[in-house]
Amino acid sequence: MGVDGVPGGGGGGGGNRRGKTYVSESGMKLRTYIASDGTEHLGSALAQRRFRPFPGPPTGSGPPLRILPIGGLGEIGMNCMMAGVGDRYVVIDAGLMFPDFSDLGMQKILPDTAFLAQWRDRIEALIITHGHEDHIGALPWVVPALDPSTPIYASSFVMQLVKKRLAEYNLWDEKRFITFEMRQRFQAGPFEIEPVRVTHSIPDCCGLIMRSDEGTIVHTGDWKIDENPLDGQQFDRELFQALGSEPVALMMSDSTNVLSPGRTVSEQVVHNSIVEKVLEHNGKGRVICTQFASNLHRLYGVKRAADASGRKICFVGASLSHYLEAAWQDGRAPFDPRELMPPEQLRHANPNEVLIVTTGSQGEPRAQLSMAARDASNVLKMLPNDLLLYSAKVIPGNEGKVTKMLNALAAQGARVRQSRADNLHTSGHAYQEELVELLQSVKPQHFLPVHGEYAFLTEHALLARERAGVNFVDVIRNGEMLAVRERRNRKTVSTGSMAAARAAAQRDEETMVKYEGEEPTYFFNDGGKGTGTREEMEIDMRSTMALEGVVVAGVEVLRAGAGDYGLTSRVRVTTRGMWTNEGRLLAELNEAVEGAVGRLSGTASLVEVERTAIDVLKRRCLAFNGKRPEVIAIAYEHDPRDAHLAAVAEAREAAARSASEARQQDFGG
């Protein structure tokens with residue numbers, strides 16, 4: 001994930017997924033899933049509810065280089081943007097965002113695929129910068145939104161992940177997917193694209209140099225500068241520095257860690273720390289390391305620690321094996337998968353000869369580590385003297401779950417190492433000094449911060465202006481367009497006072513124009529076939545039911561003997577998720593409904609009965625316990641032969657009204 005923290009696995013099919021187990025070429029036992037037939041997972045994600053105007057200037061006018069984000073600006077995750085020249089565009093990335101606790105029952109938040117589908121004729125390519133979920137997780141919805149002939153580009157390791165994901169959704173088409181090499185230029189839509197190597201917390205990441213007749217755009221992707229990458233894939237400083245000698249009209253850069261001073265710690269430091277702590281625990285029991293499944297760099301340290309201590313590595317967590325398999329297929333696995341100990345051998349293994357790697361660092365209820373904390377895992381049983389190395393970052397919002405899990409593991413006898421001083425994790429996103437270094441190397445004419453909360457974007461814009469001297473900087477939100485024109489005089493970096501720089505910016509403001517646009521419509525997926533807008537997935541209703549409770553009332557209507565007033569009923573009320581004070585609430589609700597219905601006319605319709613019951617139930621619940629539950633009332637006839645009475649009465653009333661109106665018209669005439 002972009003933020004070192006989105007869990008690594010999962011294509012998403014939830015309980016609807018159909019799976020089978022097989023042994024891969026690497027010798028690992030894997031499970032493959034069919035999540036969709038190619039369309040059944042889409043829901044309303046491509047539906048055109050109304051015409052959505054394309055933001056920006058009229059055709060043929062305005063600055064020609066355009067950026068239109070439909071996700072990833074103002075939030076962490078869901079990275080997806082359109083970059084173009086005039087009316088010709090490419091899409092960069094197709095990521096998802098994981099919902100927070102308020103989006104009950106949802107597993108994925110998706111970018112505005114309906115907008116992409118509406119304007120697919122303007123999109124000529126899709127380019128993926130790396131393989132984290134917030135950059136590829138929405139592909140099963142984005143790919144069907146595009147024209148079937150639109151090519152999709154990615155590096156070789158990323159393509160392995162993409163292939164597996166889209167095969168689950170029956171969307172893999174070998175002819176559409178094209179693998180690129182770093183520094184190998186290719187034409188995509190209006191741009192000549194040159195991928196440039198960057199370092200991050202997953203292998204094979206790139207930035208994009210996008211050249212066109214109207215100027216050059218540089219998009220860094222997610223990055224840090226790791227001086228000692230464990231896989232030997234160095235950050236391409238040379239190419240970024242060379243960009244400083246050619247005009248770069250616009251640069252976009254990752255804002256995730258803009259608030260962090262200094263520089264990021266190298267993965268080599270974490271590597272050494274893991275080795276040290278495993279060796280310290282020799283002869284004392286098992287070592288368990290929990291990490292994000294996608295962080296294959298971390299496995300270099302795990303492998304070295306296992307070799308140095310005479311332990312065998314055992315994976316507990318399916319997504320770990322899938323990422324290692326992708327790396328093995330691409331020739332970049334940190335070790336041979338055949339060296340892994342099968343999980344079923346754990347219970348018989350010597351505790352001093354095993355090093356377990358597991359997912360579940362975020363306290364996910366169904367992950368093996370979380371299940372082990374509850375003593376609910378059939379694979380991983382905690383033992384006294386286990387050492388747990390927490391080699392991950394706690395994603396904001398997960399603190400409670402993670403703390404509860406780690407406390408439960410400690411209560412079973414495990415020693416938990418997770419402090420910052422333990423050096424068991426490092427970020428994959430650049431800190432301030434790295435951000436400034438890259439800006440000073442590229443010397444862009446205009447700068448647009450991307451990938452981050454809105455406060456991060458504004459801080460990054462300030463950093464670019466004040467520390468890197470970039471005069472032309474702006475911040476936009478999802479759905480807004482930024483258009484720029486190459487500045488022919490190329491005076492983009494301050495050489496005098498800030499006042500002079502601002503004056504120059506005012507004179508030349510037409511080289512960078514922001515256009516308003518509609519806020520994108522985000523789609524939600526429930527982990528299966530359910531995909532729709534917030535309203536269609538009834539997320540607010542789910543929250544109401546969870547926080548306020550549910551009341552269901554069945555009202556049996558007895559019309560026999562009823563006159564103009566005094567409708568008789570039998571009421572049965574049940575509640576869920578509410579305090580009832582040992583049943584007193586139920587008694588009050590039954591009495592209240594019977595009383596309210598009893599004041600209705602004997603010919604009142606079932607709809608009127610239901611409306612009356614709902615109203616009185618809501619008022620009585622609010623008075624009893626201060627709650628505003630979701631209330632459902634179902635009225636039905638005791639004697640079906642009486643069903644016509646309300647309709648007859650209503651027809652008579654309508655006829656009487658018509659006759660009265662006719663008499664008034666005659667009188668008026």
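The second largest pocket of this predicted model lies between two domains, because both give residues to its lining. One is domain 1, made up of 65–263 + 428–486 + 504–525, and the other is domain 2, which covers 267–422. The volume of this pocket is about 570 Å³. Its lining consists of 19 residues, and those closest to the centre are Lys393, Arg420, His425, Thr426 and Tyr431. Sorted by class, the lining of the second largest pocket holds nine polar, six nonpolar and four charged residues.

Closed spaces come next. Rolling a probe the size of a water molecule over the atoms shows where empty space is left. Across the whole structure, a search finds five cavities of 30 Å³ or more. The largest cavity contains about 150 Å³ of space. It is lined by 20 residues, of which Thr199, His200, Ser201, Ile202 and His297 are the closest to its centre. Eight residues of this lining are polar, six are nonpolar and six are charged.

The last stop is a single residue, Arg570, in strand β29, which spans residues 568–576. Is Arg570 buried, exposed or partly exposed? Its relative accessibility is 46%, so Arg570 counts as partly exposed; the class runs between under 20% for buried and over 50% for exposed. Beyond its neighbours within four places in sequence, Arg570 is in contact with Gly554, Val555, Glu556, Leu558 and His638. For one of these, Val555, the separation from Arg570 is 15 residues in sequence, while in space the two are 5.9 Å apart, C-alpha to C-alpha.

Terms used:
Residues numbered from 1 in each chain as written. Predicted model: local features only at pLDDT ≥ 70, side-chain atom pairs only at ≥ 80, totals over all residues. Heavy atoms only, no water. 1 Å grid on protein atoms, 1.4 Å probe; cavity = no way out; pocket = protein on both sides within 12 Å on 5 of 7 lines; lining within 4 Å. Points joined across faces, edges and corners; volume = space filled by probe spheres on them. Nonpolar A, V, L, I, M, F, W, Y, C, P; charged D, E, K, R; others polar. Domains from an automatic or database assignment. Helix = DSSP H or I, 4+ residues; strand = E, 2+ residues; numbered from the N terminus. Buried < 20%, exposed > 50% of the residue type's maximum accessible area, 1.4 Å probe, protein only. Contact = heavy atoms within 4.5 Å.
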